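Work through the exercises below with the structure open beside you. Try each task before you read its solution.

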Amino acid sequence: ANCGQTCIAPDYIMCDKSIENEVVEQIKAALKEFYGEDIKKSSDYERIVNKHHFKRVLGLMEGQKIAYGGQHDESDRFIEPTILTDVKPDAKVMQEEIFGPVLPILNVGSLDEAINFINDREKPLALYVFSKDKKVIKEMISKTSSGGVTANDVIMHFTVRALPFGGVGHSGMGAYHGKHTFSTFSHHRSCLVKSLGMERMNQLRYPPSSQKKVEWAKFFLTRKIKKGQVGLFLFAIFGIIAAIVIKMVLEN
């Protein structure tokens with residue numbers, strides 16, 4: 001889409017070495033189906049937005065093994081869809097978002113290796129996983145962090161208005177779409193309104209301090225109330241209130 005000039009375009013593919021050739025051939029077949037034999041002549045194929053960006057994308061391809069594509073024309077800002085193989089994790093093309101029709105392929109030997117690779121880098125804005133095995137999809141989602149995920153497709157989570165769209169960490173903060181936009185740009189203010197009639201209850205917090213006050217504070221702040229202790233807890237609360245009320249009546 002748009003020559004890869006979108007923030008959620010795939011920046012690389014990870015696959016087992018045994019299926020790499022098949023992946024390349026399937027991509028080539030899809031490109032031929034979409035744009036015909038001569039991609040440059042296709043009215044459906046876009047151009048790079050400007051010459052500065054054109055040169056930047058070409059620079060990312062330098063020194064890489066091109067399995068398909070690579071043709072370009074600066075006068076027309078045309079870069080042919082390009083697949084790179086034998087790409088190393090420290091390659092220049094792997095250090096930033098590409099924003100162009102270039103797709104590196106990295107080889108991984110297992111799902112865990114792919115997950116570790118993702119987690120060792122900055123959190124991506126989007127993550128895509130392709131598998132017929134729902135367990136693989138679930139594991140990829142549960143063990144990684146990203147702005148969004150689409151399984152067995154790309155980009156389409158952005159089109160679902162009910163889903164929040166946004167990044168996490170390095171890829172951004174906040175989310176929008178529908179009510180999520182309202183929540184992002186709204187401040188959730190916390191408000192506590194208490195009755196002045198219960199001011200006597202606050203004496204536990206006020207000086208002068210005493211060991212008894214400390215013990216009561218520990219009871220209320222740190223004691224874990226189990227279901228069987230709810231009655232006892234309420235009884236203690238009512239007992240304290242009753243004692244305060246009696247004291248107030250006697251003082252008057």
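The exercises move from the whole chain to a sheet, a strand, ring pairs and one residue.

This is a predicted model, in which local features need pLDDT of at least 70, side-chain atom pairs count only at pLDDT 80 or more, and totals for chains, interfaces and linings use all residues. Residues are numbered from 1 along each chain as its sequence is written, and side-chain values use heavy atoms, with hydrogens and water left out.

**Exercise 1. The whole chain**

Task: State how many helices and strands the protein chain has, and what share of its residues is buried.

Solution:
- Step 1. Take the DSSP runs, numbered from the N terminus: helices are H or I with at least four residues, strands are E with at least two. The protein chain has seven helices and eight strands.
- Step 2. Apply the burial cut-offs: buried is under 20% relative accessible area, exposed is over 50%, and partly exposed is in between (1.4 Å probe, protein chains only). Of the 252 residues in the protein chain, 27% are buried.

**Exercise 2. The sheet**

Task: Give the order of the strands in the four-strand open sheet and name its edge strands.

Solution:
- Step 1. Find the pairs (two strands pair if DSSP finds at least two bridges between them). β1 and β6 run parallel and share three bridges. C15 has N107 of β6 as its bridge partner.
- Step 2. Go on to β6 (residues 102–107) and β5, a parallel pair with three bridges. Here I83 stands opposite L103 in β6.
- Step 3. Add β2 (residues 65–68), which runs antiparallel to β5 and is joined to β5 by three bridges. I66 is the bridge partner of L84 in β5.
- Step 4. Read off the order: β1-β6-β5-β2, an open sheet with mixed pairing. Its edge strands are β1 (13–15) and β2, since each pairs on one side only.

**Exercise 3. Inside strand β5**

Task: Sort the residues of strand β5 (residues 82–85) by the way they point.

Solution:
- Step 1. Recall the rule. In a regular strand, side chains alternate between the two faces of the sheet.
- Step 2. Apply it. T82 and L84 point one way, while I83 and T85 point the other way.
- Step 3. Check burial. All of these residues in β5 are buried.

**Exercise 4. Ring pairs**

Task: Classify the ring pairs Y45 with F78 and F158 with F165.

Solution:
- Step 1. Set the rule. Rings of Phe, Tyr and Trp (its six-membered ring) pair if their centres lie within 6.5 Å; planes under 30 degrees apart count as stacked, over 60 as edge-to-face and the rest as tilted. The count comes to six aromatic pairs.
- Step 2. Y45 and F78 have ring centres 5.8 Å apart and planes at 70°, so this pair is edge-to-face. Y45 sits in the loop between α1 (20–35) and α2 (51–61), and F78 in strand β4 (residues 78–79), so the pair ties together parts 33 residues apart in sequence.
- Step 3. F158 and F165 have ring centres 4.8 Å apart and planes at 80°, so this pair is also edge-to-face. F158 is partly exposed at 29% relative accessible area, whereas F165 is buried at 8%.

**Exercise 5. One residue**

Task: Say whether L106 is buried or exposed, and list its contacts beyond four places in sequence.

Solution:
- Step 1. L106 lies in strand β6. Its relative accessible area is 4%, so L106 is buried.
- Step 2. Contact means heavy atoms within 4.5 Å. Neighbours within four places aside, L106 touches Y12, I13, M14, C15, V87, P89, M94 and F117.
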